[in-house]
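Reader: Hi! I have just opened my first protein model and would like some help reading it. Could we go through it together?

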Amino acid sequence: MKKTKYIFLWDIDGTLIQSGGAGVKAIFRTIKELYKLELTPDEIDYRGRTDLMIAKQILSRCAVPFTSKNLSLYRNYYFRVLREEMLQSPNGNLCPGILDIVKTLDQIPTVKMGLLTGNFKKAAQIKLSHFGLWTYFSFGIFGDLHESRDYLAQTASELVKGMMGPGIEPKNIWVIGDTPHDVLCAKSAGFSSVAVSTGGFSQEQLGKVYPDHLFASFSRPSDFFSLFPFIDLPDKSR
């Protein structure tokens with residue numbers, strides 16, 4: 001069995017999938033139904049934030065004490081609503097090229113794919129299972145752990161070392177995401193970064209945080225794979 005040499009850590013929303021607004025709708029529907037408060041998206045800083053940070057903002061805004069019991073109540077209600085919104089969303093889809101890229105990477109023995117996402121683990125599973133992607137990722141660092149993405153990146157570094165040993169160089173751990181937060185958290189851990197503007201941020205905005213590589217989209221998977229000439233790809237991906 002070939003040893004893992006390269007780790008790909010994927011963001012979810014705007015990078016792997018477009019939920020068609022289901023995630024945002026689920027957040028604000030939860031606020032309305034659970035706390036009887038009407039908020040608009042510009043009242044909560046949610047883009048690129050961890051679900052835990054979003055939950056803290058919501059509980060504070062709704063004058064609900066941040067306790068484990070109240071957090072659990074919010075999470076469970078949100079998960080139920082998220083499932084419903086994913087099923088009802090007519091505009092949800094995979095981001096361009098993602099299925100080909102993920103399927104190809106899954107075939108490479110020296111590559112392991114994980115998730116580095118601000119989503120709660122259960123929310124990540126709901127979203128990715130809806131599109132048939134959940135089983136491609138063998139591990140993950142999720143927004144349950146901490147409100148800071150930089151902390152999640154450091155945790156990812158420790159997890160990778162624990163799983164694979166110290167042999168994988170940080171530059172061979174790639175964070176792929178669609179927000180400046182993804183790029184900055186990669187930098188905080190010494191990882192490489194690939195930014196893609198299929199989410200809410202333009203190439204110009206992403207370029208200001210200096211990712212290692214920047215794409216408009218992954219609609220041409222061959223362009224993505226051209227970054228990794230050192231990885232032995234299946235023939236069909238060359």
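Below, a student's questions about this predicted model are answered one by one.

Reader: How many helices and strands does the chain have?
Author: Good place to start, and keep in mind that this is a predicted model. The secondary structure of the chain includes both kinds of element: eight strands, together with helices that number nine.

Reader: Is the chain as compact as a globular protein of that length, or less compact, and what is its radius of gyration?
Author: We can compare the chain with the globule rule, which gives 18 Å for 238 residues. The radius of gyration is close to that, so the chain is as compact as a globular protein of that length. The value for the chain is 18 Å.

Reader: What share of the contacts joins residues 24 or more positions apart?
Author: Here we take the contacts in the chain with a separation of 6 or more. Among these, the share from residues 24 or more positions apart is 68%.

Reader: How far apart are the mean positions of the positive and negative charges?
Author: The chain has 28 positive and 24 negative charges. Take the mean position of each set, and the distance between the two is 4 Å.

Reader: How many disulfides are there in the structure, and how far is the sulfur of Cys95 from the nearest cysteine sulfur?
Author: A search of the whole structure finds zero disulfides. A disulfide needs two cysteine sulfur atoms within 2.5 Å. For Cys95, the nearest cysteine sulfur is that of Cys185, and the distance is 17 Å.

Reader: Is Cys185 buried or exposed?
Author: To count as buried, a residue must have under 20% relative accessible area. Cys185 has 1% relative accessibility, so Cys185 is buried.

Reader: Which elements do the buried residues of helix 7 pack against?
Author: Helix 7 covers residues 180–189, and its buried residues include Val183, Cys185 and Ala186. Their partners include helix 6 (149–164) and helix 8 (203–207). The strands they pack against are strand 4, strand 6 (173–177) and strand 7 (192–196).

Reader: Which residue just after helix 7 takes a positive phi?
Author: Look just past the end of the helix, where phi is about 80°. The residue there is Gly190.

Reader: And helix 5: which residue with a positive phi follows it?
Author: Helix 5 covers residues 121–130, with Ala123 and Leu128 among its buried residues. Those buried residues pack against elements including helix 2 (51–61) and helix 3 (68–88). After the helix comes a residue whose phi is near 75°, and that residue is Gly132.

Conventions. Residues are numbered from 1 along each chain as its sequence is written. This is a predicted model: local features need pLDDT of at least 70, side-chain atom pairs count only at pLDDT 80 or more; totals for chains, interfaces and linings use all residues. Side-chain values use heavy atoms; hydrogens and water are left out. Helices (H or I, at least four residues) and strands (E, at least two) are DSSP runs, numbered from the N terminus. The radius of gyration is taken over C-alpha atoms; the globule rule is 2.2 Å times the number of residues to the power 0.38. Contact means heavy atoms within 4.5 Å. Lys and Arg count as positive and Asp and Glu as negative; His and the chain ends are not counted. The place of a charge is taken as NZ of Lys, CZ of Arg, CG of Asp or CD of Glu. Buried means under 20% relative accessible area, exposed over 50%, partly exposed in between (1.4 Å probe, protein chains only).
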